[in-house]
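Visitor: Please show me the model, and let us go through it by question and answer.

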Amino acid sequence: MRAPMLVLAGTALLALSACATPRAVGQGDVSAVKGAAVAAFASQSDGDDAAFAKAVQGQAISRLGGVTGGQPAYLVQVGVAVAPPAMGVSSAAGALDTTAWRSQAEKRRWWQFWGHKGPARTVTLAVVDAKTGKTTAWSSIRVRKGEPADVADLLVYALQTPALKTPTKS
């Protein structure tokens, strides 16, 4: 009797933890960045957010396969913003489109009774063509905490896969 209850409880915990995994959204093509000269583009973040953005930026450049040094073909910028949980980040210009949300306002699920009261970081990665100044790709994620390497993995992974998926840790 006790063993089936433990298995059921373990399965429920695994299912709930999978639902809580942050996912990044993104669009654009970064295939040309691999092997190309890439430089970091200054972020507008300050304080602890600036240090976090710089760490994510360095990790993202290496994950994208860019080569640092020389005349850059692409610039990589990482921005970090902190907003209250009830506020989202949209890429819509003009009438609000429901698919334009880069990071929707947080909705606390009924089973998350412990809640998250503090603000979350919205981390956005932008890959900019150095010649034209146009953004060729972007990805964004909302995280409360996390290592810069893990956040960079999620941001880059969102640009390398057509569907929104969470990478599996091996």
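Visitor: Over which residues does pLDDT stay under 50?
Guide: This is a predicted model, in which local features need pLDDT of at least 70, side-chain atom pairs count only at pLDDT 80 or more, and totals for chains, interfaces and linings use all residues. Residues are numbered from 1 along each chain as its sequence is written, and side-chain values use heavy atoms, with hydrogens and water left out. pLDDT is the predictor's confidence in each residue, from 0 to 100. The stretch under 50 has four contacts (heavy atoms within 4.5 Å) beyond four places in sequence, and it covers residues 92–96.

Visitor: Which element of the chain has the highest mean pLDDT?
Guide: The chain averages 75, and 59% of the residues score at least 70. Strands are DSSP runs of E, at least two residues, and helices are runs of H or I, at least four, numbered from the N terminus. Strand β5 (residues 89–90) has the lowest mean, 56, while the highest, 92, belongs to strand β2 (residues 37–40).

Visitor: What arc do the buried residues of α2 cover?
Guide: Buried means under 20% relative accessible area, exposed over 50%, and partly exposed in between (1.4 Å probe, protein chains only). In α2, Asp49, Phe52, Ala53, Val56, Gln57, Ala60, Ile61 and Leu64 are buried. They lie on the same side of α2, because their arc, taken from the directions from the helix axis to the C-beta atoms, is only 165°.

Visitor: Is Lys54 buried or exposed?
Guide: Lys54 belongs to helix α2, on the face turned away from the buried side, together with Asp48 and Ala51. Its relative accessible area is 63%, so Lys54 is exposed.
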